[in-house]
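Ready for a few warm-up exercises? Have a look at the model first, then work through the tasks one at a time.

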Amino acid sequence: MFTIDGVEMINQERIKNLLLELVQIDSHSLKERDVAERIKKHCEDIGAEVEIDDAGEKVNGNSGNVIARFKGTIPGAEAIMMSAHMDTVVPGEGVKPVLDGDIIRTDGTTILGGDDKSGCAVIIETIRCLKEQNIPHTDIEAIFSICEEVGLLGAKNLDVSKLRAKYGIVFDSDDPGFLFTKGPSANHIEFKIFGLESHAGVAPEEGISAIKIAAEGIAAMKLGRIDEETTANIGVIEGGKATNITTNLVTLRGEARSLDDAKLEAQTRHMVGCLEDAAAKYEVTVAGHTTKGRVESHVTREYYAMDVPDDSRVVQLVFAAAERLGLKVQTLASGGGCDANVFNRRGIECANFGTGMRAIHTVKEWLDVKDMYASAEMALEVMKLNGEMAMSKGMRAEG
Ligand SMILES: [Zn+2]
């Protein structure tokens, strides 16, 4: 059917239409129900047993993760995982995709949601091709997760004991020429900076400005790109009630990331230290009562680094599939975290493969469908090769 010189091909028109369908279903994080139901239906149509798990209840969302189990054709073979996330960032409601040749973008008022509906489309199309072209394959566990964009909550709340797969691929990055095998650890940091309220015009010497402490502390911080492996940011600042009040509370929210855990800890300590040093400079005594500037820092580990070696099973599988297709795929470190960070930590060795999404998390987001086709061709080849390897292993075991 879709073969050129005996090479299996994906159906380009069909996967493009699937992407267009999925991006037009609203699915902000915590509100993935509609797209989850649609994906469930598509998976059932191609023979999966589908369950929507209870992750949504745990995070107060309206849907859980979609777990679609596709029975393989090779007895005794190990299962493989394929995964993409269903949720999008804001503003992602009422997406109107605009086609411009091979490029899909939006009307400029919303994101496209190619992040990560292109990944969802790649998985569904790949499995559809395996089925309709009768390509031998192992069991496939397809995980369509919720709430990736708000802290990888779907992956974190997935009961991995329900899965058999110990390796797989996450489809959630840009260029299909790259396989992300390393990702950073990240700390989320919340600072509460306490000053002392006073009348800014009548008794400024009886107050401590939390805004001044915050300003001095942030000014002393190394932020942005710290080194090749490390980044840091203060992203939110809140505080103050009126111009005539010395502000007694400022809240800051920031993060630090690094591929190296020691560097992450050092950067986190540095940020905390800058604010504590700034706060320590302020002290006032009013009516015999002394108040000092003060900082409360709450550091939480958002996710853990991943580091999948080039000689791992999943990377070797992708390399071999690329070679058969005459493509070049390179492994790379990402500055971002994704569900793969969580899966690796929880015993499923996986890397993150590109799907063609670009300028993500902006209203300028776009996608070149040719990249998505290439991603799906690769996914198909990976599944085919994985099946062949399982069969030859089985034959060796029997012989
Ligand atoms: Zn994503």
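The expected span of a helix is 1.5 Å times one less than its number of residues. Keep in mind that this is a predicted model.

**Exercise 1. Check how far helix α4 reaches against its expected span.**

Solution. Start by finding the helix: α4 runs over residues 114-132, which makes 19 residues. Next, take the expected span, 27 Å at 1.5 Å a residue. Now go from the first C-alpha to the last, and you get 25 Å, close to that expectation. Just after the helix comes Asn134, with a positive phi near 50°.

**Exercise 2. Decide whether α4 is largely enclosed by the rest of the structure or not.**

Solution. The cut-off you need here is that a residue counts as buried under 20% relative accessible area. In α4, 17 of the 19 residues are buried. The helix is therefore largely enclosed by the rest of the structure.

**Exercise 3. Find the protein donors of the zinc ion and say where the two Asp donors sit.**

Solution. Look around the zinc ion: His85 gives its NE2, while Asp115 and Asp172 each give an OD. These donors lie 1.9 to 2.2 Å from the ion. Along the sequence, the donor residues follow the spacing H-x29-D-x56-D. Asp115 belongs to helix α4 and Asp172 to strand β9 (residues 167-173), so this pair links parts of the chain 57 residues apart. Both Asp115 and Asp172 are buried.

**Exercise 4. Work out which salt bridge ties α4 to helix α1, and how exposed its two partners are.**

Solution. There are 31 salt bridges in the structure. Pick out the one where the side chains of Glu132 and Arg14 meet, at 2.8 Å from N to O. Glu132 is in α4 and Arg14 is in α1 (residues 12-23), 118 residues apart, which makes this a link between distant parts of the chain. Now for exposure: Glu132 counts as partly exposed because its relative accessibility is 29%. Arg14 comes in at 23%, so Arg14 counts as partly exposed too. One last step is to look for further partners: Arg14, Glu125 and Glu132 are linked in a network of salt bridges.

**Exercise 5. Look at the salt bridge between Arg294 and Glu296, and classify both residues as buried, partly exposed or exposed.**

Solution. The two side chains of Arg294 and Glu296 meet at 3.2 Å, N to O. With a relative accessible area of 41%, Arg294 is partly exposed. Glu296, at 30%, is partly exposed as well.

Note on methods: Residues numbered from 1 in each chain as written. Predicted model: local features only at pLDDT ≥ 70, side-chain atom pairs only at ≥ 80, totals over all residues. Heavy atoms only, no water. Helix = DSSP H or I, 4+ residues; strand = E, 2+ residues; numbered from the N terminus. Buried < 20%, exposed > 50% of the residue type's maximum accessible area, 1.4 Å probe, protein only. Donors = N, O, S within 2.8 Å, 3.2 Å for Na, K, Ca; no water. Salt bridge = Lys/Arg side-chain N within 4 Å of Asp/Glu carboxyl O.
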